[in-house]
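Here is a short report on one helix and its surroundings. Please keep the sequence and the structure in view while reading.

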Amino acid sequence: MNRLTTVMLVLLLPAAAAAQQQDGRHECLMEPAVEVSLSSPVAGVIESISVHRGSPVEEGQVLAKLEAAAEQAAVDLARAKLEFGQRKVARTKELYSENFTSEYSVDEAVTEARLATVELEQAQTILARKTIRSPITGLVVDKNADVGEFVDDDEILTLVKLDPLYIEVVVPVDQLDSISTGMQATVYPQQPVGGEYKAEVVTVDQVVDAASGTFGVRLALPNRDGGLPAGLRCMVAFPDS
């Protein structure tokens, strides 16, 4: 559980006393499966941001770019050197086949071309670090920088993955032996969402909180169409609870 989830669950405990409700349900929270604070791996000035708060994103999608004129020039130069080197190799091999140059000259030309290849790959790697891509498929929930701003390790965007949603719940210790991973439970989101949904237990904490006599349980709730929001309170009913 992340820090925010832990704090919110603690706030729920006084109302429920972390105890089973009379109808066999337990209070819970619906949380994103992943939350990512996205920053740039290198310092620079933001040239463009292609998303905004609320934008859906795909894994690998370009979200922002830093100014990279110098890095692009380095790539162009390295590519030109490689192309020249490849032409030199071809000419030198032709001359060698006609006995107009030595084997050493061929080896030298081939080596120069290989070095040019490495230089191009290095320049392309440096250039690529100026482009910020999404590491997940999800949603932009916060935009923390704008075009023209200088960033170093500053947070630029916050992303969340909403499929699946994680259902976080604290359960009395007397149910420790009755809940196990793989178990199916029913989740009831608060209004105005409402309804009931099946979720699978994916984590059962094996460290009990002695002060409250409870342990944590996490369930995964499929949310392929993104119809369920994160951050809602909910109730969860385990089988035979």
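What follows covers one helix, its buried residues and two residues in more detail.

The model is predicted. Helix α2 runs over residues 69–97 and holds 29 residues. From its first C-alpha to its last, α2 reaches 42 Å. That is close to the 42 Å expected at 1.5 Å a residue. After α2 comes Asn 99, with a positive phi near 65°.

Which residues of α2 are buried? They are Glu 71, Val 75, Ala 78, Leu 82, Gly 85, Val 89 and Thr 92. The partner of these buried residues is helix α3, residues 103–128, against which they pack.

Thr 92 and Gln 122 serve as two examples, one from each helix.

| Residue | Helix | Relative accessibility | Class |
|---|---|---|---|
| Thr 92 | α2 | 10% | buried |
| Gln 122 | α3 | 52% | exposed |

Why does Thr 92 count as buried? Its relative accessibility is 10%, and the class takes in values under 20%. Leaving aside residues up to four places away in sequence, Thr 92 touches Thr 101, Ser 105, Val 106 and Ala 109.

Gln 122 falls in the other class. Exposed means over 50%, so Gln 122 qualifies with a relative accessible area of 52%. How far apart are the C-alpha atoms of Gln 122 and Gln 86? They are separated by 18 Å. Along the chain, Gln 122 and Gln 86 are 36 residues apart.

Key: Residues numbered from 1 in each chain as written. Predicted model: local features only at pLDDT ≥ 70, side-chain atom pairs only at ≥ 80, totals over all residues. Heavy atoms only, no water. Helix = DSSP H or I, 4+ residues; strand = E, 2+ residues; numbered from the N terminus. Expected span 1.5 Å × (residues − 1). Buried < 20%, exposed > 50% of the residue type's maximum accessible area, 1.4 Å probe, protein only. Contact = heavy atoms within 4.5 Å.
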